Amino acid sequence: MEGNPVSRTAFYCCGVRMMDAESPHSVVGDHYAKLFMNKEGLETFEAFRQFKAPNASNAARHRIVDDLLRDFIKQNEDPLIVIIGAGFDSRAYRLGGGTWVELDEPPLIHYKNAKLPTSECKNKLTRIPINFATDSLQEELQTIPKHKSVAIVIEGVLMYLSEVMINNLLDTLAVVFPEHQLYCDLMSAKFFRKYSYKLHDKINALGASFSYLSEDPKTLITGKGYEYKESISTVMKAVELGILKIPLFVIKWFFPSLLDGYAVYHFEKNIGS
């Protein structure tokens with residue numbers, strides 16, 4: 001499968017979920033993940049298998065977003081979930097309710113359709129192939145029928161974008177969806193320097209690299225008129241779920257930056273904000 005190098009990192013995240021699904025105490029339960037892990041995917045993931053703590057954090061990140069979306073679907077009428085840079089996400093198959101739209105690079109979407117057709121999804125699911133570098137995201141998003149409640153998921157994506165690209169993305173979302181919930185993961189520059197640089201070396205070997213890193217990354221989002229609602233530490237969640245075997249008091253006393261340096265954030269966008 002050819003395409004944007006960043007899309008190859010989808011095999012890493014998918015491999016984490018595959019490994020979690022095969023464990024006796026799965027926290028995500030993504031039994032679809034294995035469908036996508038072909039020879040290339042398995043070979044790609046081997047370079048990441050050694051990173052036990054980051055892998056646990058990655059699985060926890062996915063579980064956090066799962067739980068947030070379950071609440072969103074339960075609490076809202078006619079919910080629409082739009083996943084930008086969807087990779088091998090299978091939430092439309094695993095979570096009950098909602099209308100789902102996935103956007104990603106054409107090679108990835110075509111491969112995904114072959115492995116897991118939308119016709120097999122119990123919820124309404126549309127996949128949109130888009131070349132993010134050349135196609136108009138706004139035009140593609142405007143083809144989506146209007147819904148009363150909208151959630152935008154941007155998971156494992158923003159750190160690969162420049163500040164200008166993130167600003168443009170948020171401007172586009174505001175035009176198409178004046179009111180929406182935004183769920184995304186953000187990493188602080190300090191967290192990256194202390195804990196993620198070795199993992200990043202492997203990601204860099206795939207042809208991708210982190211671009212946007214800030215000491216307080218949420219300010220970029222709130223600066224675009226979003227209201228900050230909450231953040232959930234991926235490390236804290238991994239400890240709570242029992243997939244990261246580090247006592248919480250040890251982290252709090254000796255590695256406090258682990259707790260707030262990488263988290264899933266929930267923001268809200270309203271008309272006029």
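Is Asp66 buried or exposed? Asp66 is buried, at 0% relative accessibility. The model is a predicted one, and its charged pairs give a way through it.

Start with the partner of Asp66. Its side chain meets that of Arg91 in a salt bridge, with 2.5 Å from N to O. Asp66 sits in helix H4, while Arg91 belongs to helix H5, residues 91–94, so this pair ties together parts that lie 25 residues apart in sequence. Arg91 is buried too, because its relative accessible area is 0%, and the cut-off for buried is under 20%. Both ends of this bridge therefore count as buried.

Side chains of opposite charge can pair when their charged atoms come close. The structure holds 21 salt bridges. Some share partners. Through such sharing, Arg17, Asp30, Arg61, Asp66, Asp89, Arg91, Arg94, Glu155 and Asp185 are joined into one network. Asp66 and Arg91 are thus two of the residues in that network.

Now move one residue along, to Asp67. Asp67 forms a salt bridge with Arg63, and the closest N and O atoms are 3.0 Å apart. Here both partners lie in helix H4, which covers residues 52–75. They are four residues apart, about one turn of the helix. The setting is partly exposed at either end. Asp67 has a relative accessible area of 23%. Arg63 has 24% relative accessibility. Both count as partly exposed because that class lies between the buried cut-off of under 20% and the exposed cut-off of over 50%.

A further bridge takes us to helix H9. The side chains of Arg193 and Glu215 meet at 3.0 Å, N to O, in a salt bridge. This pair links distant parts of the chain. Arg193 is in helix H9, residues 189–205, and Glu215 is in the loop between H9 and helix H10, residues 218–222. The two are 22 residues apart. What is the exposure class of Arg193? At 48% relative accessibility, Arg193 is partly exposed.

Finish with Thr44. Thr44 is placed in helix H3, residues 39–46. Thr44 is buried, since its relative accessible area is 6%. Which residues does Thr44 touch, leaving out those up to four places away in sequence? They are Arg8, Phe11 and Leu206.

Terms used
Residues are numbered from 1 along each chain as its sequence is written. This is a predicted model: local features need pLDDT of at least 70, side-chain atom pairs count only at pLDDT 80 or more; totals for chains, interfaces and linings use all residues. Side-chain values use heavy atoms; hydrogens and water are left out. A salt bridge is a side-chain nitrogen of Lys or Arg within 4 Å of a carboxyl oxygen of Asp or Glu. Buried means under 20% relative accessible area, exposed over 50%, partly exposed in between (1.4 Å probe, protein chains only). Contact means heavy atoms within 4.5 Å.
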